[in-house]
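Work through the exercises below with the structure open. Each task is followed by a stepwise solution.

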Amino acid sequence: MTADTSRERNVNRQDRANAVDREMAASLLPVAAVRALGRWWSENALAYADGTPGAHTVRYTPGRWAQIIPWPSTLAPTSCGGDAWVSRAEVASAVADALRREAFREALVATYVWGKGKRGTPGGSGPATLYKILSAEGLDAALARAVTTLSEHGSKCAYAGLQSVVPGFGPSFYTKFLYFVGKTVSSATGPQPLVLDRVLARRLRSLAESVGRESGHDPDGSIAGWVWRDSNWSPHRYAVYLSFIHAAARQLADHGRWPSDASPDLLEYALFSTSWT
């Protein structure tokens, strides 16, 4: 295959992806998803009565993170035995405090431990990976720059600035950092940042596959699999994701199946927690 043929193929593929994106933006959530999310809300309305997922808690084992420094005071001491719990609201408070002191590493640790929770920790992968991230050259500058970029240029640019900068620090975790930073720092343009991970990408992939088949833009699902892959999403894809979630939250509210004043991250959490397929 010549270079010109390869470029032509990629352009055609991107055109098809853009067409699927437009169809998704127009149709948003299908009936099955609206019903499933409505059920989720009816079952969880008391827990998240304020319209946010702030009460969403994650269990972690402090003692498994003993080598991690700095350790946020909001988290249970690593000398504690057994497990502990931390909520989104508590992490947001910890990050806000860290940002006031420009303690960007501390903010990262709080978001990473919350994001990892119990997953992977028996074998040490969570703490071991975070230790390597904290040891990476240029981390402090990258985190500080991301915070500034969010306030001056918006979520998409802040995401782009962290992409492939620190080994081991992928988008599933740096979007968590940006999400919690966004609780304190306003995005200059566009929507506030939200978490995007493999589970959420697969939810959007399922929607894209359905839309692609129905519209004829992606009959075999290959485009959906390309743009909504399991990791390493482009900054453009992150921007598409943010726009979709914000619009879908308004769609749910208009259907009367969602609180009208709910924050978009409530939908992000509900999509992570439930499936309609």
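**Exercise 1.** Classify the exposure of Cys80 and of Cys157, then search for disulfides.

Solution. Cys80 has a relative accessible area of 35% and is partly exposed. Cys157, at 37%, is partly exposed. The class lies between buried (under 20%) and exposed (over 50%), with a 1.4 Å probe and protein chains only. Next, a disulfide is a pair of cysteine sulfur atoms within 2.5 Å; the search of the whole structure returns zero.

The model is predicted: local features need pLDDT of at least 70, side-chain atom pairs count only at pLDDT 80 or more, and totals for chains, interfaces and linings use all residues. Residues are numbered from 1 along each chain as its sequence is written, and side-chain values use heavy atoms, without hydrogens and water.

**Exercise 2.** Characterise the largest cavity and its lining.

Solution. On a 1 Å grid over the protein atoms alone, a cavity is a set of points where a 1.4 Å probe fits but cannot get out, and lining residues have an atom within 4 Å of a point. Grid points are joined across faces, edges and corners; a volume is the space filled by probe spheres set on the points.

1. One cavity of 30 Å³ or more is found in the whole structure.
2. The largest cavity has a volume of about 50 Å³.
3. Its lining includes Ala17, Met24, Ala208 and Trp228.
4. H1 contributes the most to this lining, four residues. Helices here are DSSP runs (H or I, at least four residues), numbered from the N terminus.

Definitions and conventions. On a 1 Å grid over the protein atoms alone, a cavity is a set of points where a 1.4 Å probe fits but cannot get out, and a pocket is an open set with protein on both sides within 12 Å along at least five of seven lines; lining residues have an atom within 4 Å of a point. Helices (H or I, at least four residues) and strands (E, at least two) are DSSP runs, numbered from the N terminus.
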